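This report describes selected features of one protein structure for a reader who has not met it before. The sequence and the structure are shown first.

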Amino acid sequence: MPLPKPPVRKATLLAPADYPTVAQKPQAHPVALPPAPRPVELRVLTAAPQSNKAQAATPAPAVASPFLGTGSVRRSIPRTPSEAPSAPSAPAGPMARQGEAQGAAKRGRSNAASEATASAKAERGGRAKKAGKAPVATKLFVLDTNVLMHDPMSIFRFEEHDVFLPMITLEELDGHKKGMSEVSRNVRQVSRELDALAADGLPDPAKGTPLAKTGHREASGRLFFQTTFMDTRLPEGLPQGKADNQILGVVQALRTQIQDREVVLVSKDINMRIKARALGLPAEDYFNDKTLEDGDLLYTGVLALPSDFWEHHGKTMESWQQGGSTYYRISGPLVPALLINQFVYLEAPGATPLYARVTEITGKTAVLRTLREFTHQKNAVWGVTARNREQNFALNLLMDPDCDFITLTGTAGTGKTLMTLAAGLAQVLDDRRYTEIIVTRVTVPVGEDIGFLPGTEEEKMGPWMGALDDNLEVLARSDGAAGEWGRAATNDLVRSKIKIKSLNFMRGRTFLNKFVIIDEAQNLTPKQMKTLITRAGPGTKIVCLGNLAQIDTPYLTEGSSGLTYAVDRFKGWPHSGHVTLARGERSRLADYASEVL
């Protein structure tokens, strides 16, 4: 019997989307097909069976696969190795052989691609699995009592690391919980936090308590309490009954018991850290409360423009006049470094200097506005004029009604208090912008405390406000044409508009349309600074003055002072400003003493 004619078109492969449809068709028994009188489309790579006998001799049909063609006869079960054909069937013509060759090549490419993809996935999965199983080198921090007294939330500041509290630490906390001081309040807050963590009990003290249990998700470590007595041997010269030495003994015992983790002592006590290092125990200071590691990195509020500023920013610059000031819209490489209410200046020999303030930053453009010259006598504020560049910047901030929070830092004699008091009197008595001036400061003595003071609140604060009286005397003497009677009347009027308040009674108050001056703000803690700033009501301006080189509060440094904290957090806010005054103007003696002493 002659073979059928070769097909006109090449054999095609079944699309992957058709596999389920074909697989669901009812199975049919193979039958002998008569030769077709016309060209047919072949869906198999081998010749069609001729009879039942031939069917028995031919290999089983192929199973549906993404890489194989599908014939008119299919099987619903996979073929076992025993069912593999011993020899290939005879080809059904040259076109069938060509289709078989192309299908084999495509199967080879597809199988190779599949193996490569599977290999890549397995390699990635192995790396991910290996990376996921890698243990994280967490530490165990043993906290000294003074750390908890300094920052009541310190147990939640160690991220993924664990925290260990010796029993003597809890005993010391219990001894300092009474009183109205800042330390006593912190101790009571620590006790409440520990009570919340241990509210459900400690089912297994060896496993600790999750620190994120009370909602502090940034702390993924665990809290451990000392529940057993640790017998350690310290040098005989150290008294065993002292609390610091007992904590050192706990650290040494933990290092002996736990060999696979690093145990570190955290303390604010310098002498305790020295003793720990002398004994070979790792010890660290508590750094989380520090806003800046170096005081020189503090935001100054002033930026000197480069000498080629106009060459790089003058081509696309726009300028216009409005309200007596000149505005410049610039775009260039300097814009990303600018902040709102930051002062910029350009002083070049033989050229007109530029003094401006950044008023707007939109995308890659910034708007600069020229300043009002308070160095001229016609713009004097309550008889006070600026004597240098930084004082001019400060007066522009103090006289701006849109600035609600201002910080001024600088060495002694730079004019911080005098300028602030003059600006406050001008806006209270002349402009009627505020109703009165409220002055407060921290009562931290430089030397020994002089004891209790008699009188009312204002009388008790009198000795602490000597700087205010000195500056009021300077402002009263500035008006020489008023005469002695006029100066006395002015002095009485001025004092009637100035109220002296103590920090101890600020909780719960709200200041409406007040000009608040916080003097010696470098002695404030960040918590106290927050308490004072949040007292501001509508229409109130708060001015913080301080010298970071003269901190008298124990355990406060330039990096952890509340003044540094406020300067760093408020920079760039459209309604705040900061200026660091660099040049002293008090006297030549004071300037020289600031440099050499």
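In this predicted model, a polar atom in the side chain of Asn-341 lies 2.8 Å from the backbone oxygen of Ser-576. The side chain of Asn-341 also reaches the backbone oxygen of Pro-574. The two distances are set out below.

| Side chain | Partner atom | Distance |
|---|---|---|
| Asn-341 | Ser-576 backbone oxygen | 2.8 Å |
| Asn-341 | Pro-574 backbone oxygen | 2.9 Å |

Asn-341 belongs to the loop between strand 9 (325-331) and strand 10 (343-346). Its relative accessibility is 5%, so Asn-341 counts as buried, the cut-off being under 20%. Apart from neighbours within four places in sequence, the residues in contact with Asn-341 include Tyr-299, Arg-357, Cys-403 and Trp-573.

Strands 9 and 10 are part of an open sheet of six strands, ordered 7-10-11-12-9-8, with mixed pairing. At its edges are strand 7 (302-304) and strand 8 (318-322), each of which pairs on one side only. On average, neighbouring strands of this sheet are turned by 30° against each other, direction ignored. Within the sheet, strand 11 (residues 354-362) and strand 12 (residues 365-370) run antiparallel and are joined by six bridges; Thr-362 stands opposite Thr-365 in strand 12. Helix 10 (residues 389-398) lies across strands 7, 10 and 11, at about 145° to strand 10.

Elsewhere, helix 5 (residues 167-175) packs with helix 7 (residues 243-257) at an angle of about 150°, their axes 9 Å apart. Helix 5 is therefore roughly antiparallel to helix 7. In this contact, Ile-168, Thr-169 and Glu-172 of helix 5 meet Ala-243, Gln-246 and Ile-247 of helix 7. By class, three residues of the contact are nonpolar, two polar and one charged.

Note on methods: Residues numbered from 1 in each chain as written. Predicted model: local features only at pLDDT ≥ 70, side-chain atom pairs only at ≥ 80, totals over all residues. Heavy atoms only, no water. Axes fitted to C-alpha atoms, helices over the stretch in contact; angles between N-to-C directions. Helix = DSSP H or I, 4+ residues; strand = E, 2+ residues; numbered from the N terminus. Parallel < 35°, antiparallel > 145°, perpendicular 65-115°, else oblique. Contact = heavy atoms within 4.5 Å. Nonpolar A, V, L, I, M, F, W, Y, C, P; charged D, E, K, R; others polar. Buried < 20%, exposed > 50% of the residue type's maximum accessible area, 1.4 Å probe, protein only. Polar contact = N/O pair within 3.5 Å; in protein donor to acceptor, adjacent residues only side chain to side chain. Pairing = 2+ DSSP bridges.
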